[in-house]
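User: I'm new to this structure and would like a close look at one part of it, the open sheet and whatever packs around it. Could you walk me through that in plain words?

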Amino acid sequence: MGALRVGVLAYPGCFASEVFGVPDLLTMAMHVAGPDRAGYEVSVVSPRRRVAAAGGMPLAVSPLRTVDVLVVPGFEFPPGLDVDAKLASLAPDIAAIRAHAAAGDGVVSLCVGAFLLAEAGLLSRRRATTSWLHADELARRCPDTDVRADRLVVTDKGVTTTAAFSAMYDFALELIRRHSGAGVARTTARVALVDAARTSQTPYVDPRLLPQPGNEFSQRVMRRLDQSLTARYDLAALSDAFNVSTRTLLRRFADETGRSPLAYLQSSRVRRARHLLETTDRTVASIAAAVGYRDPGTFAALFARHTGRRPGDYRATFRRGDG
């Protein structure tokens, strides 16, 4: 197997770190593998002669060329961004992505680079992921795309998408594993201090940063549930508190939030448990009781389903230090 040709597409406003993150890890992998193993030929390419990354940092670029894998980094995505205008300004870059995919070669997006792939028509009827912060926006724009907001890396029919920023390393390690072998990938991860065992971005989600439903009814229901995390879930009592039938409560809450009151309560309990695991020395059993679960095993299973980690593993990873 010869050197794998990897091109990184640089375009106006892209994150420079995502332009160079994958090439840097591939370079480390080549040092780990040694000169006798097939390596990587990496280039930063663009249909433009000059490119300035986010923050105005100039990038040296080469003309577009044939590569085995084209990597599309993410871009600056501030609150209130006009996504349509941003994508319209990147028409030459999106055309380059579309042409590369049409040739049958692999395409990878990092973080919100998925929006460029979507604009190029590459995510239609495919599974995909992106930053958890912008997954809902991607799903709204691409109703025929199965957006997996919990996943770090998703590959479907030759198109790969990743979660935010550091997920580029999860992708790069998988690329190294396939091209250079599992041993090289493991050693590269250790040298770079990259977590090679991650499977989900769910533990990193901060619900406070997600867009909140603006409807008063669901907001009042959520406040009541938040104020009684330890109480047994009683749908009939909850409906009585808002003078509606259980059917009406479920319908209105689902219309406004896309889920059930019980699903919201469970996520709220997990959110509180995450905080206690990060900031206190309380036992898992104590924390389970504090968020409404008498059986620590039931709590642990629910917590793992929501975060991808058991409570003890979550605390070991995310425990906040004193300073």
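Analyst: Let's start with the whole and then zoom in. The secondary structure of this protein, in a predicted model, comes to 14 helices and 10 strands; both are DSSP runs numbered from the N terminus, with at least four residues for a helix (H or I) and at least two for a strand (E). Because the model is predicted, local features need pLDDT of at least 70 and side-chain atom pairs count only at pLDDT 80 or more, while totals for chains, interfaces and linings use all residues. Residues are numbered from 1 along each chain as its sequence is written, and side-chain values use heavy atoms, leaving out hydrogens and water.

The C-alpha trace spans about 65 × 40 × 35 Å along its principal axes. Of the 323 residues, 45% count as buried, meaning under 20% relative accessible area (exposed is over 50%, partly exposed is in between, with a 1.4 Å probe and protein chains only). Take the contacts between residues at least 6 apart in sequence: 67% of them join residues at least 24 apart, where contact means heavy atoms within 4.5 Å.

Now the sheet. It is open, has 6 strands in the order E2-E1-E5-E6-E10-E9, and its pairing is mixed. Strand E2 (40–45) and E9 stand at the edges with a single partner strand each, so one side of each has no neighbour in the sheet. From one strand to the next, the twist averages 20°; angles here run from 0 to 180 degrees between N-to-C directions, and axes are lines fitted to C-alpha atoms, for helices over the stretch in contact.

Let's go through some of the pairs. Two strands pair if DSSP finds at least two bridges between them. Strand E1 (residues 4–9) and strand E5 (residues 69–72) run parallel, joined by 3 bridges, and Val-6 has Val-69 in E5 as its bridge partner. Helix H1 packs on this sheet, touching E1 and E2, and its direction makes about 165° with that of E2.

Further across, strand E6 (residues 106–109) pairs with E10 in the parallel sense over 3 bridges, with Val-108 matched to Thr-160 in E10. On its other pairing, E10 (residues 159–162) meets E9 in the antiparallel sense over 4 bridges, and there Val-154 has Thr-161 as its bridge partner. The hairpin of E9 and E10 has 2 residues between the strands, and Lys-157 in it takes a positive phi near 50°.

In a regular strand the side chains alternate between the two faces of the sheet. Strand E9 (residues 153–156) shows this: Val-154 and Asp-156 point to one face and are buried, while Val-153 and Thr-155 point to the other and are not. E10 is covered on both faces, with Val-159 and Thr-161 buried on one side and Thr-160 and Thr-162 buried on the other.

What about the helices? H1 (residues 16–33) packs against helix H7 (residues 182–192) at an angle of about 115°, their axes 9 Å apart. Residues that meet include Leu-25, Met-28 and Ala-29 from H1, with Val-184 and Thr-188 among those from H7. By class, that contact has 8 nonpolar, 2 polar and no charged residues; Ala, Val, Leu, Ile, Met, Phe, Trp, Tyr, Cys and Pro count as nonpolar, Asp, Glu, Lys and Arg as charged, and the others, Gly among them, as polar.

H7 also packs with helix H6 (residues 167–180), at an angle of about 145° and with the axes 7 Å apart. Leu-173, Ile-176, Arg-177 and Ser-180 are the H6 residues in this contact, whose residues divide into 6 nonpolar, 2 polar and 1 charged.

Ile-176 turns up again in the largest nonpolar core, which has 60 residues: Ile-97, Leu-116 and Ile-176 touch the most other members. Such a core is a set of buried Ala, Val, Leu, Ile, Met, Phe, Trp, Tyr and Cys residues joined through side-chain atoms within 4.5 Å. H1 gives the largest share of this core, 7 residues. Leaving aside residues up to four places away in sequence, Ile-176 touches Leu-25, Leu-26 and Ala-29, and also Tyr-40, Gly-181, Val-184, Ala-185 and Thr-188. There is also a second, separate core of 13 residues, with Leu-277, Ile-287, Val-291 and Phe-303 among them.
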